[in-house]
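Student: I'd like to go through this structure with you before I get back to the bench. Could you take my questions as they come?

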Amino acid sequence: MPKPKQTREEALAFHMDPRPGKFDITPSVPMTTQRDLSLAYSPGVAVPCEEIAANPETAYDYTNKGNLVAVISNGTAVLGLGNLGALASKPVMEGKSVLFKRFADVNSIDIELDTEDPEQIIQAVKLMGPTFGGINLEDIKAPECFIIEQRLKEEMDIPVFHDDQHGTAVICAAGLINALHISGKKIEDCRIVLNGAGAAGIACLELIKSMGAKHDNCIMCDTKGVIYQGRTEGMNQWKSAHAAKTDARTLEEAMENADVFLGVSAKGAVTGDMVASMADNPVIFAMANPDPEITPEDAHAVREDAIVATGRSDYPNQVNNVLGFPYLFRGALDINARAINDEMKIACARALAELAREEVPDEVALAYGQKLKFGRDYIIPTPFDPRLIHRIPPAVAQAGMDTGVARRPIVDMEGYIQDLQARMDPTAQILQGLYARARQAQATMIFAEGDDPRVLRAAVAYQRGGFGKALVVGREDDVSEKLKIEGLAEAIGELEIINAANTKHLQAYKDHLYNRLQRSGHDQIDIHRLAARDRHVFSALMLAHDHADGLVTGATRKSAHVLDRINSVFDARAEDGAVGVTAILHKGKIVLIADTLVHEWPDENDLADIAEAAAHVARALGLDPRVAFASFSTFGYPDSERSSKMHRAAAVLDGRGVDFEYEGEMAVDVALNPDAMANYPFCRLTGPANILVVPARHSASISVKLMQEMAGATVVGPILTGVDKPIQICSTVSTVNDILNMAVLAACKVGQSTA
């Protein structure tokens, strides 16, 4: 499978559009009326100020302190780029902040300090203590990072966590627990070699020792060789603490009969001979980025019994810090912790290890396009496992309570777990799953409108994203010119540009089209014009002849026109079973609306068909379908001829014995609001509907566009289902990302019987 490729231009554009940077700050309270403003600021704000002055602990009740983390750096060790300075580190720190939000719903703000003086950093962070519930230190070089973290932990009463040290250590420990479980070894008996005596390496060794590894069984190496007792060259107090009694002086000597290798050093530091000299069932964590100390292929070439982990997502067993720091802080914040201690870190590692041993839910396997099962190639959970949010923070919080660092212990742990489950945005999981499945599918995708810059950018993103091959329909000179204007000149040689003038299949396409349309008033001249000059028809003919796996079109013409052209080649009318389903993603919720594309005024049987098609799409997206037949009336009141068919549609499904929940007719607020639904205890839905079947195409269109324009909802679709081949029709207002999403849907065959 090809690896995703991003260019400098794409990375810069991502950070510039739609606004510079990666996040905004929005109020969580109403700010519209004079009353709102009076409560939010003067005079109402004086009341919580007085309460906090009298009792500082109430700051966690009346401010955002309890869910706010500062990501702080001085830019002296930015990724693998070195000392870039405070300002140049800001994109990384913004990225860390959005990861906090994405994975654990922790609010975060980045702060870049323009100094390399540890004392100045310590003082600055200390003085900001009242603002935050926790401090995440990032990309500060060693040994200053040790001094800064230790002092801040001693002098502040909120968690201080240097992720470059402890984040890597926690995930490494989780993987090691399971690797030793598989190999049947105990940590206290293992000989462990660590290469790389920087912040992450020292933290890894410290945490592993606190879990039971013996001091003299752990050999640390740096660029000068083994750190042994009595060594003086290149030493400092942190290295000296891990100096072992050993005769080994080189990494090669240390690796002989070692059970475990932990690498946070450099590409190629480990050779095949070193791996061959290790003990049975060796554990190799080659975590150097972007290239490991030894690749899994090279390690397995000499030792089939090796268990190998790296820091890369394109290999099994990725040691990824995002599995740790969001959930550590989530658990710590939720008990208003004074610190994140070793017990909390070990609890996090053990919870991750236990999660990896459990059966992997279908939605996770679906997201990664493969069945994941605990074993040598799956010892660490995947970063997009939805169980992480409600499994790891409770373990961290419990450890914090057990060790006395909790200001506010959690009384109802079951309730807390339920709150965590409800906290996360399911839409991100769904989209991530689709993207992962598309990479597995490696579909060849037709982008029909090669004269549109958005379509070209989406085609480039599709191919460079590792999803498969992009075929662009257009004129080569026009496509080349537009790519140059978009700053993507180097992509000209990457894309395959196809049109009627350069295909050898045109006559076959025309014959196929004539056979379909000759009795519909089309003569040979009409057929030639359609096949050779209409890009939608030409693209559909390519797909019909299996010259690609999917088709994306519609960005430049109205969907009704495009669907009409598609019908020249495929059976995509209402009577053929075609249905359009649009996904609305907004504020952590996803609702499918149908039919948004095909049926003008469906009757009750059509509505039942639409519900079944939408349920099929919902399952392809990883949702458990709950259908509401939407109307302005609820269960017969007010009575209306226009709403009665929605009631009858539910009765049609009663006769079909379908295997999903449905109810109707009902107003949208009853369908989506649990409190409103509770007024109808006989309602058959077990929760808010995630599919709304609406009375007509016009109401569907109004609903979708109103949500898009007024609420800022993300719209995916309409997803065309019920057609023989994967065809997706974008809207004319689609962004590059929207078009890419539609290509991914087509690649995953969402809407197809094989989805």
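Tutor: What follows is a conversation about a predicted model, moving from salt bridges to the backbone, the surface and a few single residues.

Student: Let's start with charges, then. How many salt bridges does a search of the whole structure find?

Tutor: The search, run over the whole structure, gives 44 salt bridges.

Student: What does glutamate 155 form a salt bridge with?

Tutor: The partner of glutamate 155 is arginine 151, and the closest N and O atoms of this pair are 2.7 Å apart. Both residues belong to helix α7, which covers residues 144–155, and they sit 4 residues apart, about one turn of the helix. Glutamate 155 is partly exposed because its relative accessibility is 33%, and arginine 151 also counts as partly exposed, at 23%.

Student: OK, and which glutamate forms a salt bridge with arginine 697?

Tutor: That is glutamate 600, with the closest N and O atoms 3.1 Å apart. This pair links distant parts of the chain, since arginine 697 lies in helix α30 (residues 697–710) while glutamate 600 is in the loop between β16 (589–594) and α26 (604–620), 97 residues apart. Arginine 697 is partly exposed, with a relative accessible area of 27%, and glutamate 600 is partly exposed as well, at 47%.

Student: And glutamate 612, what is its salt-bridge partner?

Tutor: Glutamate 612 pairs with arginine 656, where the closest N and O atoms are 2.6 Å apart. Glutamate 612 lies in helix α26 and arginine 656 in helix α27 (residues 641–656), so this salt bridge ties together parts that are 44 residues apart in sequence. Glutamate 612 is partly exposed, with a relative accessible area of 33%, and arginine 656 is likewise partly exposed, at 34%. Elsewhere, salt bridges that share partners join Lys90, Glu94, Asp110 and Glu112 into one network.

Student: Switching to the backbone: what kind of peptide bond joins serine 42 and proline 43?

Tutor: The bond between serine 42 and proline 43 is cis, with omega about 5°, and proline 43 is found in the loop between α2 and α3 (46–54). Another cis peptide bond runs from alanine 594 to aspartate 595, with omega near -5°, and aspartate 595 is in the loop between β16 and α26. Glutamate 600 of the salt bridge with arginine 697 is in the loop between β16 and α26 too.

Student: What about phi at asparagine 257?

Tutor: Asparagine 257 has a positive phi of about 65° although it is not a glycine. Its place is in the loop between α11 and β8 (260–263), and it counts as exposed because its relative accessibility is 52%, the cut-off for exposed being over 50%. Glutamine 442, also a residue other than glycine, has a positive phi near 50°. Glutamine 442 is in the loop between α19 (426–441) and β11 (445–447), and it is partly exposed, at 26% relative accessibility.

Student: Now the surface. Which residues form the negative patch?

Tutor: Glu252, Glu253, Glu256 and Asp273 form it, and glutamate 252 is placed in helix α11 (residues 251–255). There is also a nonpolar surface patch made of Val29, Met31 and Leu37, with about 250 Å² of accessible area together. Valine 29 lies in the loop between α1 (8–16) and α2 (34–40) and is partly exposed, with a relative accessible area of 48%.

Student: And underneath, which residues of helix α21 are buried?

Tutor: In α21, which spans residues 476–485, the residues Asp478, Val479, Ser480 and Leu483 are buried. Their cover includes α20 (453–464), β12 (470–473) and β13 (496–498). Following α21 comes glycine 487, whose phi is positive, near 75°.

Student: One last residue: is glycine 687 buried or exposed?

Tutor: Glycine 687 counts as buried, because its relative accessibility is 12% and the cut-off for buried is under 20%. Its place is in the loop between α29 (674–677) and β19 (691–693). Leaving aside neighbours within four places in sequence, glycine 687 is in contact with Arg626 and Met677.

Key: Residues are numbered from 1 along each chain as its sequence is written. This is a predicted model: local features need pLDDT of at least 70, side-chain atom pairs count only at pLDDT 80 or more; totals for chains, interfaces and linings use all residues. Side-chain values use heavy atoms; hydrogens and water are left out. Patches are made of residues with over 30% relative accessible area and no salt bridge: like charges are joined within 9 Å, nonpolar side chains (Val, Leu, Ile, Met, Phe, Trp, Tyr) within 5 Å. Accessible areas come from the Shrake-Rupley method with a 1.4 Å probe; for residues, only the protein chains shown count as cover. A salt bridge is a side-chain nitrogen of Lys or Arg within 4 Å of a carboxyl oxygen of Asp or Glu. Lys and Arg count as positive and Asp and Glu as negative; His and the chain ends are not counted. The place of a charge is taken as NZ of Lys, CZ of Arg, CG of Asp or CD of Glu. Helices (H or I, at least four residues) and strands (E, at least two) are DSSP runs, numbered from the N terminus. Buried means under 20% relative accessible area, exposed over 50%, partly exposed in between (1.4 Å probe, protein chains only). Contact means heavy atoms within 4.5 Å.
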